[in-house]
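Work through the exercises below with the model open. Each task is followed by a solution in steps.

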Amino acid sequence: MNNAIVFGSYVPGDSPLHRLDPRAKLLMCITYVVLVFFANSLATCLLLLLTLLVAIFVSQVSPKLYWRGIKPLVWIILITVIFQVLFSAGGPVYWRWGIFSVTRDGLVNSLIIFFRFVVIITASTILTVTTPTLRIADALSWFMRPLKAVKVPVNQITLMISIALRFIPTIMDEAVKIANAQRSRGMKLDEGNLFKRLLRMVPILIPLFVDSFKRAEELATAMEARGYDPDAPRTHYRQLHWATRDTISLSLLVLIMIVLIGLRIIL
């Protein structure tokens, strides 16, 4: 597979995280993301960061690969952080020029936003790296089963999510191929200021969108040709099995949640 890990890619392995039930991993990932928004101090952020580092170690996937997953989103993160720095008010003012200003609260909020971006992306990547896409869809379907009582189309929703997760790596690979093709024709994608670089993305985005719509149409035709019925009862080749290790993992996360809430109250 491509050596760049992106959200939606799965790395086969036999680590403790790989062996966990996908329902446990999905619940732990969602809980962790929620806890990230409750971290409001250095101690709580360090606690969540330590938890994330332990998860990366247990997954037995190289940290360099996680960085390659964050790398494509670095510009989005930096732009968000810069806007937060320049347009947030509160506390002592360190620099001001027209409508722009750098304040203490702006710097603190920008660091918090940067931290949240990085840990949420990494936590989501850990989930997809250690869990096949179809297993994540099975876990979502299991959690959403009660919604069938109120006529929510659970099967269609989980199918859309699984297809989206499945094709994220494919679209990223296609974007790399188009970019390489443009470079071979003499286009300098990495030169110039930010505005010029954004303009040079147009010849990449247009064929990427066209190819994505074409792939979606081919997939819809293939499903229709095979007689896919969205309202038919679904069966699963791989069954979900909850084990003791899943209960222990969730219990550890609950313990971390209790400690975080305690630190938030104390600090």
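**Exercise 1: the second largest pocket**

In the lining of the second largest pocket, α8 gives the most, with seven residues. The model is a predicted one.

Task: find how much space lies in the second largest pocket and describe its lining.

Solution.
- Step 1. The space in this pocket comes to about 680 Å³.
- Step 2. The lining holds 23 residues, and L134, A137, D138, L159 and S162 lie nearest the centre.
- Step 3. Two or more lining residues come from each of α7 (133–143), α8 (154–184) and α10 (202–225).
- Step 4. By class, the lining has eleven nonpolar, seven polar and five charged residues.

**Exercise 2: a helix pair**

Task: determine how α2 is oriented relative to α6, and which residues meet.

Solution.
- Step 1. Helix α2 covers residues 22–36 and helix α6 covers residues 104–130; their axes come within 10 Å and cross at roughly 180°.
- Step 2. Angles over 145 degrees count as roughly antiparallel, so α2 is roughly antiparallel to α6.
- Step 3. On the α2 side the contact consists of K25, L26, C29, Y32, V33 and V36; these meet R116, V119, I120, A123, S124, L127 and T130 of α6.
- Step 4. Sorted by class, the contact has nine nonpolar, two polar and two charged residues.

**Exercise 3: the whole chain**

Task: state how many helices and strands the chain has, and their order.

Solution.
- Step 1. The chain has eleven helices and two strands.
- Step 2. Read from the N terminus, the order is α-α-α-α-α-β-β-α-α-α-α-α-α.
- Step 3. Of the 267 residues, 33% count as buried.

Technical notes
Residues are numbered from 1 along each chain as its sequence is written. This is a predicted model: local features need pLDDT of at least 70, side-chain atom pairs count only at pLDDT 80 or more; totals for chains, interfaces and linings use all residues. Side-chain values use heavy atoms; hydrogens and water are left out. Axes are lines fitted to C-alpha atoms, for helices over the stretch in contact, and angles run from 0 to 180 degrees between N-to-C directions. Helices (H or I, at least four residues) and strands (E, at least two) are DSSP runs, numbered from the N terminus. Angles under 35 degrees count as roughly parallel, over 145 as roughly antiparallel, 65 to 115 as roughly perpendicular and the rest as oblique. Contact means heavy atoms within 4.5 Å. Ala, Val, Leu, Ile, Met, Phe, Trp, Tyr, Cys and Pro count as nonpolar, Asp, Glu, Lys and Arg as charged, and the others, Gly among them, as polar. On a 1 Å grid over the protein atoms alone, a cavity is a set of points where a 1.4 Å probe fits but cannot get out, and a pocket is an open set with protein on both sides within 12 Å along at least five of seven lines; lining residues have an atom within 4 Å of a point. Grid points are joined across faces, edges and corners, and a volume is the space filled by probe spheres set on the points. Buried means under 20% relative accessible area, exposed over 50%, partly exposed in between (1.4 Å probe, protein chains only).
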